[in-house]
Amino acid sequence: MTRFLQALKDYNHPGLLRLFFLGFASGLPLPLTLSNLTFWLTEEKISMSQVGLFAIVGVPYTLKFLWSHAVDHLPIPPFTTLLGKRRGWILFAQILLMGAIAGLALTSPKENLGMVAVLAFLVATASATQDIAIDAFRIESLPKELQGHAAAIAVFGYRVAMLVASAGGLLVAQYYHWSTAYLMAALLMVVGMVAILFSKEPSVPERISTVNKITMPVRLGLGVVSMVLVLAIHELYDMGAIINPHYSLRLARAIFTGISFFLIISLMITVLTGKSMRESTVAPFVSFAKQPYWWLALIFILFFKFGDAFAGIMTSPFLVKMGFSKAEVAMVVKTFGFAATIAGAVLGGILTETWGTMRALWVSGILQMLSNLLFCLQAYAGHSLALLFVTIGVENFTGSMATAAFVSYVSALCLKRYSATQYALLSSIASFSRTILVTGIFLIDSFFFPDSSFIDVIGWSWFFAITAAGAIPGLLLLFFLKNKLRAT
């Protein structure tokens, strides 16, 4: 009890307040590319397969580690010059976000679905960049003993923003239009801008380089030669695609595109900062791989939230199909669910500090899995507002509690020296289940059911039962690694 009360008292730390507002800035864009967007698309009579494929716009959250080392090393004048490395990158990303969200507000899904996808992808890219810098700022700003509270308060702010963007957006769309809702969300990015402008740049000693400096002519020469090689290989892939436009060749080219992007960013850092590629890109990953059982930890991170992510992408379309109005969804799912989210985030942070990360992950992971089964009951009941209160309350509470414990664990794996790159890598792996795996499922779905969806065949109850089963691999791995994971 003494430890519990002390953990609760630690929330008075002044450094946690700014993390709330930065968490708000991180959470604001997510509903705009997920729940609100899929609700909007479903109302526009877009097929369920196409709606499910919109999970692909979350790819930047998965691949953000490709440019995370740029956030660690690359200056972007005048932002980093005036505000410092972390604050400068955060403000830069927030400005990009405001513009991308405003652009999405002015586009119609029915008239130009492709442009909606492009703009949603841009929102996700700017949001992922902001997350890289904010996560590093959080890890570097507070001592290790407060990281559990920092994770909880960040999740709290994140969920507040999701409430404002989702419930507020639904209500505005109910009485005005979706464009108005998105424009208002763009204006709310000012909250995060003010928070970072009034924050203090964290003080982290620079890593002393042990690599010989490369002269500017040599760096420029390497950059030009490497980029020419990248472009030349791309041309070869283009020629191959014309000769043999096989799916595997297109997939290989897509993978190579990602690797090339990584190399180009690395070369930009080499040219602009004078740091070697080994120092700026390889060292953060090598240092992480030196930890025991690091590869098993990566698999656990991949699957811990998979069931929750699988269900989450189709929650809004499910509610539309069940006949719930935007006002009802805003009242129950967003507003009432918000109270459950707060309780879950706070309790998750406290349990992490008092029980330890492993026990908190166990309890919250099992409860998170079971909460998906309530959606099966909701599918049988149909338009039952009373049951929806229970379903959403339990789902938000357990999901938020699991997220707080999960973020605390991932943060504990990161070295402050490489906080941006390493946290971006680990969180990218976590979001892989929400984007690539889920998108792959609906891509196969669209191939076999071009005019409908497998959900229309098996029904919503079986769909949510499958999503609950998707949490089992992560829990089994957690059982296997209970004495081997670094966090305790």
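# Burial, contacts and salt bridges

Me: What is the relative accessibility of valine 363?

Reply: Valine 363 counts as partly exposed, the class between buried (under 20% relative accessible area) and exposed (over 50%), with a 1.4 Å probe and protein chains only. The residue belongs to helix 21. The relative accessibility of valine 363 is 32%.

Me: What pLDDT do local features need in this model?

Reply: Residues are numbered from 1 along each chain as its sequence is written, and side-chain values use heavy atoms, without hydrogens and water. The model is predicted: totals for chains, interfaces and linings use all residues, side-chain atom pairs count only at pLDDT 80 or more, and local features need pLDDT of at least 70.

Me: How many helices does the protein chain have?

Reply: Helices (H or I, at least four residues) and strands (E, at least two) are DSSP runs, numbered from the N terminus. The chain has 0 strands. Its helices number 26.

Me: What share of the residues in the protein chain is buried?

Reply: The chain has 488 residues. Buried residues make up a share of 55%.

Me: Among contacts between residues at least 6 apart in sequence, what share joins residues at least 24 apart?

Reply: Contact means heavy atoms within 4.5 Å. For the protein chain, the share that joins residues at least 24 apart is 84%.

Me: Which residues have the most contacts inside the largest nonpolar core?

Reply: A nonpolar core is a set of buried Ala, Val, Leu, Ile, Met, Phe, Trp, Tyr and Cys residues joined through side-chain atoms within 4.5 Å. The largest one has 90 residues, and helix 10 supplies the largest share of this core with 11 residues. A second, separate core has 31 residues, including Leu296 and Val407. In the largest core, the residues with the most contacts are Ile101, Tyr182 and Trp460.

Me: What does tyrosine 182 touch, leaving aside its neighbours within four places in sequence?

Reply: Tyrosine 182 is one of the residues with the most contacts inside the largest nonpolar core. Beyond its sequence neighbours, tyrosine 182 is in contact with Leu32, Asn36, Leu37, Trp40, Ile101, Leu104 and Ala105.

Me: Why do the buried residues of helix 25 lie on the same side of that helix?

Reply: Helix 25 runs over residues 460–469, and its buried residues are Trp460, Ser461, Phe463, Phe464, Thr467 and Ala468. They lie on the same side because they cover an arc of only 160° around the axis, where the arc is that of the directions from the helix axis to the C-beta atoms. What covers them includes helix 18 (306–312), helix 19 (315–321), helix 21 (357–381), helix 24 (454–458) and helix 26 (472–480). The reason for their shared side is thus an arc of only 160°.

Me: Which residues does serine 316 contact, apart from its neighbours within four places in sequence?

Reply: Serine 316 is in helix 19, a helix that is among those covering the buried residues of helix 25. At 7% relative accessibility, serine 316 is itself buried. Its contacts outside the sequence neighbourhood are Ser35, Thr38 and Phe39.

Me: How far apart in space are phenylalanine 454 and methionine 48, C-alpha to C-alpha?

Reply: Phenylalanine 454 is in helix 24 and is buried, with a relative accessible area of 17%. In sequence, 406 residues separate phenylalanine 454 from methionine 48. In space, their C-alpha to C-alpha separation is 9.2 Å.

Me: How many salt bridges are found in the whole structure, and how far apart are the closest N and O atoms of glutamate 140 and arginine 86?

Reply: A salt bridge is a side-chain nitrogen of Lys or Arg within 4 Å of a carboxyl oxygen of Asp or Glu, and the search finds 3. Glutamate 140 lies in helix 10 (residues 113–141) and arginine 86 in helix 9 (residues 85–105), so their salt bridge ties together parts 54 residues apart in sequence. Glutamate 140 is buried at 10% relative accessible area, and arginine 86 is buried at 1%. Their closest N and O atoms are apart by 2.7 Å.

Me: Which residue forms a salt bridge with arginine 138?

Reply: Arginine 138 is buried at 3% relative accessibility. Its partner is also in helix 10, 3 residues apart, about one turn of the helix. The N to O distance is 3.5 Å, and the partner, buried with a relative accessible area of 13%, is aspartate 135.

Me: Which residue forms a salt bridge with lysine 305?

Reply: The closest N and O atoms of this pair are 3.6 Å apart. Lysine 305 and its partner are buried. The partner is aspartate 308.

Me: Which residues are joined by a cis peptide bond?

Reply: The bond has an omega of about 0°. One of the two residues, proline 78, lies in the loop between helix 7 (65–73) and helix 8 (79–83). The bond joins proline 77 and proline 78.
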